[in-house]
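Good morning, colleagues, and thank you for the time. I would ask you to keep the display in view while I speak.

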Amino acid sequence: MKAYVISDKGGYLDYVLVVFAETKGKAISSALGTEEFPKYDWNFTDLRARRIPELDKAYRGRWRMDWDDDEDRLAFVRDAHCYCNDDCFDPDDCVSCVGKEYCSRYEEYLEEEQEGDGNV
């Protein structure tokens, strides 16, 4: 199965959905009707699917990936270089995150902390 990132064509949303499907069209169809893209708000033509082959190997028989699942999160961070956005980044949460050793955002935070400690 191929991994696809589903997003809105207009770029209005701050989030995406990663699904596994055989084709772009099937990926978009599977995203319609989800909590992220409810059918009453979105049409097939409003969405786009972009391949993300780095996540193909994360397929474990489920049709979508879930950030809250540790295996999926590790694949997101390690293989696709994803990280928390400004609204949800919390360094306290990073300590227990399975992807912290691969996370560029957490690495930047630690570097800034070290630089700040040197200036005291």
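**Cysteines, sheet and side-chain contacts**

I begin with the cysteines: the count of disulfides comes to 0. Please bear in mind throughout that this is a predicted model.

Why is C82 not bonded to C103? The closest cysteine sulfur to that of C82 is in C103, and at 9.8 Å the separation is too far for a bond, since a disulfide requires sulfur atoms within 2.5 Å. C103 is likewise in no disulfide, and the nearest cysteine sulfur to its own belongs to C94, 5.9 Å away. As to their surroundings, C82 counts as partly exposed because its relative accessibility is 27%, whereas C103, at 9%, counts as buried.

Beside C103 in the sequence we come to Y102. Where does Y102 lie? Its place is the loop that runs between helix 3, residues 91-94, and helix 4, residues 104-118. With a relative accessibility of 37%, Y102 is classed as partly exposed. Setting aside residues up to four places away in sequence, Y102 touches L74, V77 and R78. Of these I would point out V77: it stands 25 residues from Y102 along the chain, and the C-alpha atoms of the two are 6.2 Å apart.

Let me turn to the sheet. It is an open sheet of 3 strands in the order 2-1-3, and the pairing is antiparallel. Strand 2, residues 17-21, and strand 3, residues 47-51, are the edge strands, each pairing on one side only. From one strand to the next, the twist averages 35 degrees. As a general reminder, strands of a sheet pair through backbone hydrogen bonds, either parallel or antiparallel. How many bridges join strand 1 to strand 3? There are 5, and strand 1, which spans residues 2-8, runs antiparallel to strand 3. One residue pair may serve as an illustration: Y4 has R51 in strand 3 as its bridge partner.

My next topic is E36, found in the loop between helix 1, residues 24-31, and strand 3. Is E36 buried or exposed? E36 is buried, because its relative accessible area is 17% and the limit for that class is under 20%. The side chain of E36 makes a polar contact with the side chain of R64, at 2.6 Å. Leaving out residues up to four places away in sequence, E36 touches R64 together with Y15, L17 and W42. Two of those names return in a group of aromatic residues, for ring pairs link Y15, F37 and W42 into a cluster.

That leads to the aromatic pairs, of which a search of the whole structure finds 6. One of them is formed by F89 and Y109. How are the two rings of F89 and Y109 arranged? The arrangement is edge-to-face, with 6.0 Å from centre to centre and 65 degrees between the planes. This pair links distant parts of the chain, 20 residues apart: F89 is in the loop between helix 2, residues 70-80, and helix 3, while Y109 belongs to helix 4. In terms of accessibility, F89 counts as buried at 18%, and Y109 counts as partly exposed at 25%.

To close, I return to helix 4: Y109 in this helix pairs with F89, and Y102 sits in the loop leading from helix 3 to helix 4. Thank you for your attention.

Definitions and conventions:
Residues numbered from 1 in each chain as written. Predicted model: local features only at pLDDT ≥ 70, side-chain atom pairs only at ≥ 80, totals over all residues. Heavy atoms only, no water. Helix = DSSP H or I, 4+ residues; strand = E, 2+ residues; numbered from the N terminus. Buried < 20%, exposed > 50% of the residue type's maximum accessible area, 1.4 Å probe, protein only. Contact = heavy atoms within 4.5 Å. Pairing = 2+ DSSP bridges. Axes fitted to C-alpha atoms, helices over the stretch in contact; angles between N-to-C directions. Polar contact = N/O pair within 3.5 Å; in protein donor to acceptor, adjacent residues only side chain to side chain. Phe/Tyr/Trp six-rings, centres within 6.5 Å; stacked < 30°, edge-to-face > 60°.
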